[in-house]
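The paragraphs below lead through one protein chain, from the whole to a few single residues. Keep the sequence and the 3D view at hand while reading.

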Amino acid sequence: MRASVAGCRMSVGALLNGLLVSVVAALLWKYSKLSEQAALLEEELHMTRQSQELSQARIDYHVALQALHEHGTRMVCTGKMHTDRICRFDYLCYCSEAEEFVFFHSNSSVMLPNLGPRRFQPALLDLSSVEDHNTQYFNFLELPAAALKFMPKPVFVPDVTLILNRFNPDNLMHVFHDDLLPAFYTMKQYSDLDDEARLVFMEGWGEGPHFDLYRLLSSKQPLLKEQLRNFGKLMCFTKSYVGLSKMTTWYQYGFVQPQGPKANILVSGNEIRQFAKTLMEKMNITKLEEVEKDGGSVEDEKEKKDDYIVVFSRSTTRLILNEAELIMALAQEFQMRVVTVSLEEQSFPSIVQVISGASMLVSMHGAQLITSLFLPRGAAVVELFPFAVNSEQYTPYKTLASLPGMDLHYVSWRNTLEENTVTHPDRPWEQGGIAHLEKEEQERILTSKDVPRHLCCRNPEWLFRIYQDTLVDIPSFLEVLKEGMKTKPSFKKSKPASTVHPGRVREAQCQTSVQTPNEAKLTVSWQIPWNLKYLKVREVKYEVWIQEQGENTYMPYILPQQNYTFSENIKPFTTYLVWVRCIFNKNLLGPFADVLMCRT
């Protein structure tokens, strides 16, 4: 009996011990879960704070993280080829350890276009506006969204971002032509890339000397690739656009063929002047208004203000050795005051302020000439070239000045006197030195009188010649300048109608008649384009194409009237196809109306 009581007591004790252990274990488990949850909350708060450091925009970190896990990354692109493609992403991520962008796949992910392995032939898109350059390609790695469980917690960038490469931020020409203009008009393409959007530069350069110009594109500080490391190992952009429009570029630098204007230029001076006006407003620069009164030209208006010439002064390379003499000669020849500006000594806004009111800009060939886009309409651009450098082979600024709507007059002068040049063969190769070359090659370069056409970017003969200093021959310079100014057109301020194209001709019809078995007539008539009645056009003509059905050739006609009877080469019992379109002022072509089928 005692043994059974003792056994019962032991069983009760064991039961109590077991219960106590279970309760303690449960409490410990609950405490550990609470601690784990608290740690997760603390981590999420920390990541939220890091996201807030990037932007003033508020973000719900938990919602963003859940969206990334559930929906993954989404991508929709425009453009058929990598060279004209811009892509919009939701939740595109960047791993700073791998230095790679990451696309997270889930059941809700979208990838358009879904190129498969063609995405690597050679890339999804170009990150810069320089076409098909192998250092500018963009692509991403792919991971399942489930992999996020094993990765560092992401930092979310709540701003709408534009992700791109700057091509060469140390060079002012490249800054404007390759970066600022393309970024400005890319942002115009997408309404959410507004003044609150953030630019992210992924090429790996430092800020560079012209970083303040990039700041003008957005109210938010641009981010550099190196800075992304400071915000965590994994950054996710909630909404981003990747790539740049190439529609505003007008020049190719000679990577595939010798440099020159692009074959298909899509930008006009009007778009460039709108861009320049916006930048000037952001720099708080007021430009002298080019007000046209009663059809007067820009020149008429400029007579009422102080005309002056600007000479760009260089202080280190490609010097004008007799700059003071050149300035005096310009002042005497044109009876204007001459102002010098220098990128090394003046702020960029102060230089633009001066250039924006100048009648003429004179400079040695160089990146500083991109500032000609701030010149007023009717101004002249005068570009000087060192000895042996053919001005017809290096034309970025001539091309800019010649764009329709820029309304600038371009003149170039080239030093043809070898005794007026100072070379620097002992400088580093990147500044034109040739001491590192074989003696035979050095001799060849020294005796050459004309740099042959070449590809970019390390041709030693080109570098040797372009970094020469020049003693400008004043008589020949003035002769070239005066001769060039004789052909300067009178730039009248463009009226809206001046570049308007005609619409389609209306109510086009044909009538036929057979005169004899060998003779027929074809009469074609039409009404004027609808928009013509609202325009003042100097000259209106019509182009008619007539093609015998089944033949490959056609007969073109330019006509001043709206109907015409054709008899020459018109055969009886034959079907003809007829196209009609309107032409304004000789070169503004309208679309063809629907083809007419006319049987005699």
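**The chain as a whole**

Of the 600 residues in this chain, 49% count as buried. The model is a predicted one. Its chain holds 12 helices and 28 strands. The accessible surface of the chain comes to about 30,400 Å², and 53% of that surface belongs to carbon and sulfur atoms. Contacts can also be sorted by distance along the sequence: among those between residues at least 6 apart, 72% join residues that are at least 24 apart.

**The nonpolar cores**

In soluble globular proteins, nonpolar side chains tend to be buried together. In this chain the largest nonpolar core has 75 residues, and Phe176 and Phe374 are the ones that touch the most other members. Which helix gives the most to this core? Helix H3, which covers residues 172-189, does so with 10 residues. A second core of 25 residues is separate from it; Met111, Phe140, Ile163 and Leu223 are among its members.

**Strand S14 and its partners**

A single strand can now be followed in more detail. Strand S14 spans residues 308-312, and five of its five residues are buried. Are the two faces of S14 covered or open? Both are covered: Tyr308, Val310 and Phe312 lie buried on one side, while Ile309 and Val311 are buried on the other.

S14 pairs with strand S15 (residues 337-341), to which it runs parallel, and five bridges join the two. Within this pairing, Phe312 stands opposite Val341 of S15. Helix H7, made of residues 323-334, also belongs to this arrangement: S14, H7 and S15 make up a right-handed β-α-β unit.

S14 has a parallel pairing with strand S16 (residues 360-364) as well, this time over three bridges. Here Ile309 of S14 stands opposite Met360 in S16.

**Cis bonds and positive phi angles**

Most residues other than glycine have a negative phi, and most peptide bonds are trans. Some places in this chain depart from that pattern, and they can be looked up one by one.

The peptide bond that leads from Leu112 to Pro113 is cis, its omega being near 5°. Pro113 sits in the loop between strand S4 (110-112) and strand S5 (125-126). Another cis peptide bond runs from Cys456 to Cys457, with omega near 15°. Cys457 belongs to the loop between helix H10 (439-447) and helix H11 (460-466).

Asn569 is not a glycine, yet it has a positive phi of about 65°. This residue is placed in the loop between strand S25 (563-566) and strand S26 (575-584). Is Asn569 buried or exposed? Its relative accessible area is 51%, and residues over 50% count as exposed, so Asn569 is exposed.

Asn585 likewise has a positive phi, of about 50°, although it is not a glycine. The loop that holds Asn585 lies between S26 and strand S27 (588-589). With a relative accessibility of 15%, which is under the 20% limit, Asn585 counts as buried. The two asparagines thus both have a positive phi, but Asn569 is exposed, whereas Asn585 is buried.

Methods. Residues are numbered from 1 along each chain as its sequence is written. This is a predicted model: local features need pLDDT of at least 70, side-chain atom pairs count only at pLDDT 80 or more; totals for chains, interfaces and linings use all residues. Side-chain values use heavy atoms; hydrogens and water are left out. Buried means under 20% relative accessible area, exposed over 50%, partly exposed in between (1.4 Å probe, protein chains only). Helices (H or I, at least four residues) and strands (E, at least two) are DSSP runs, numbered from the N terminus. Two strands pair if DSSP finds at least two bridges between them. A crossover is right-handed if, with the strands pointing away from the viewer, the path from the first strand over the helix to the second runs clockwise. Contact means heavy atoms within 4.5 Å. Accessible areas come from the Shrake-Rupley method with a 1.4 Å probe; for residues, only the protein chains shown count as cover. A nonpolar core is a set of buried Ala, Val, Leu, Ile, Met, Phe, Trp, Tyr and Cys residues joined through side-chain atoms within 4.5 Å.
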